[in-house]
Amino acid sequence: MRAEKRAAAGNSVLAAIVITGLKIVVGFTTGSLGILSEAAHSALDLIAALITFFSVGVSDKPADADHQYGHGKVENFSAFVETGLLLLTCAWIIYEAASRLFFRHIEIEPSTAAFAVMIISMGVDFWRSRVLGRIATKYDSQALEADALHFSADIWSAGVVVTGLALVLIGRTYHIEWLRDSDPIAALFVAGVVISVSWRLARRTVDALLDAAPAGVRSQIQDAVSHVDGVLEVDRVRIRRAGNRYFADVTVGLARSVTFQRSGQLVTAVSDAVRHILPNSDVTVQPLPRALGSENIFDRIRAVATDRNLNVHDISVQDLAGHLHVEQHVELDERMTLKQAHDQVTELEADMRRDVPEIADILTHIESEPATIETSEELVSDARLEQRLKSVAAKFPEILDVHDFVFKRIRGRLYLSCHCTFPDDLPLARVHDVQTELEIRFKQDSPQLFRVLIHPEPSTDNRR
């Protein structure tokens, strides 16, 4: 991309040098203000082309520690400078044309060379405007677009100058006195074309330098992001442009109960929605936690724990004579002391009472969250124990099958894991109750069991 843009800008510099030189020579030999104004216009086009050439080289440099949004603003600034140069050209053309119309008359000598130079100039301008326009559109380059507009305007202004010279020649041939002013009038038309082009370019470059959002794009982004499943609200959308790249900052509200992983997925989905509106844009998404009106008391309890980066489970809420009693299990680092763990749970319970005032009492069971990998001392094979436990499981009507028994001895304690098959349509709450009861029965039958883990499976898929 960088090589193609620099090549297009470099060819424009060469074309501007040739055209400017020819117009200056012919302008002075004919005395035509129209051609001299075109020469001045082309001279500024040359300066603009040089600015574009160097700005394109700088703007495509990657971001660094001092320019964290890249160097794209160089293109916008160069386009702004080009606009100023064009307006200065117009001021000179208008002054000189008014002087020739009202205060002094300069005899024009239309020549074949003058017509030839202007026609060649129009051909070169057409070629360069087409090439620059194509590259500017391909890479969304404002600097190259400005150059393309310059050459495009040159076509029309050169055509006006040729018309002026032709009218001067007709006036001299047929002795029509009033046609002698055609050349300065043509120069005024040139100035008008340049001002029109400059005004359009100025508005776009100033908007880019002042970080103005493209018309209608902000509302499109808000609408697209609001339709992302999981986004509750679009709090803020900010857009800025640097060169050919857009930067978008989006702040969205998400349910406070979503996991960190789910939040990351939603951030990716929001970024994709923005890039659908602004392709290849750099998107920053900030998620904000929001409480849902549909949250039940369990959701609110978990939200408080999540806010403190704690994991609670086995939450039970009982209504005792109109007062809510909460029981819960919380996992804390096994390397903590009891005093440290108890202090952390006390703070958690205080936060829950503040955020969920309906709670009258909280009882928290503290569990140790494993922080080390346990090493199994041996795998134990005990067919008699396995058969006895199967007999215990057979007393539960919901249990269709129990299999894959694994006995392990870890730190001198006996661990058991097994798979248990249930009907496909058995409610999960009932599955949990049966599992809990089965664990209790296993330990009652075999007190040597320290820990029992049961994996439930549906009858249609009972071997995983």
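Which residues lie nearest the centre of the second largest pocket? Select R256, V258, T259, F260 and T306: of the 26 residues lining this pocket, those lie nearest its centre. Keep in mind while you click around that this is a predicted model.

**Stop 1: the second largest pocket**

With those five still highlighted, look at the space itself, which comes to about 620 Å³. Next, colour the elements that each supply at least two lining residues: β2 (245–255), α8 (260–277), β3 (282–290), α9 (297–307), β5 and α10 (338–355). Helix α9 gives the most, with four residues. Switch to colouring by residue class and the lining splits into twelve nonpolar, eight polar and six charged residues.

**Stop 2: the largest pocket**

Now move over to the largest pocket, with about 800 Å³ of space. Select H313, H329, E331, E367 and R451, the closest to its centre among the 20 residues that line it. Then bring up β4 (311–320), β5 (323–333), β6 (359–369), α12 (428–445) and β10 (449–458), since each of them supplies at least two residues of this lining. You've already met strand β5, which also supplies at least two residues to the lining of the second largest pocket. By class, the lining of the largest pocket has three nonpolar, eight polar and nine charged residues.

**Stop 3: along helix α9**

Time for some charge pairs. The count for the model comes to 14 salt bridges. Side chains of opposite charge can pair when their charged atoms come close.

Go back to α9 and pick D299 and R302. They form a salt bridge, with their closest N and O atoms 3.8 Å apart. Both sit in α9, three residues apart, which is about one turn of the helix. How accessible are they? D299 has a relative accessible area of 26%, so it is partly exposed. R302 is partly exposed too, at 38%.

Stay on α9 and select R300, then add E358. Their side chains meet in a salt bridge at 2.8 Å, N to O. This pair ties together parts that are 58 residues apart in sequence, because R300 lies in helix α9 and E358 in the loop between α10 and β6. Is R300 buried or exposed? With a relative accessible area of 18%, R300 is buried. Its partner E358, at 39%, is partly exposed.

**Stop 4: D351 and its partners**

Next, select D351, which is found in helix α10. At 13% relative accessibility, D351 counts as buried, because the cut-off for buried is under 20%. Show what surrounds it: leaving aside neighbours within four places in sequence, D351 is in contact with V304 and R308.

Zoom in on R308. D351 forms a salt bridge with R308, the closest N and O atoms being 2.7 Å apart. Since D351 lies in helix α10 and R308 in the loop between α9 and β4, the pair ties together parts that are 43 residues apart in sequence. R308 counts as partly exposed, at 28% relative accessibility, whereas D351 counts as buried.

Before leaving, widen the selection. Which residues are linked with R308 and D351 in a network of salt bridges? Add E347, R354 and D355, and you have the network on screen.

Note on methods. Residues are numbered from 1 along each chain as its sequence is written. This is a predicted model: local features need pLDDT of at least 70, side-chain atom pairs count only at pLDDT 80 or more; totals for chains, interfaces and linings use all residues. Side-chain values use heavy atoms; hydrogens and water are left out. On a 1 Å grid over the protein atoms alone, a cavity is a set of points where a 1.4 Å probe fits but cannot get out, and a pocket is an open set with protein on both sides within 12 Å along at least five of seven lines; lining residues have an atom within 4 Å of a point. Grid points are joined across faces, edges and corners, and a volume is the space filled by probe spheres set on the points. Ala, Val, Leu, Ile, Met, Phe, Trp, Tyr, Cys and Pro count as nonpolar, Asp, Glu, Lys and Arg as charged, and the others, Gly among them, as polar. Buried means under 20% relative accessible area, exposed over 50%, partly exposed in between (1.4 Å probe, protein chains only). Contact means heavy atoms within 4.5 Å. A salt bridge is a side-chain nitrogen of Lys or Arg within 4 Å of a carboxyl oxygen of Asp or Glu.
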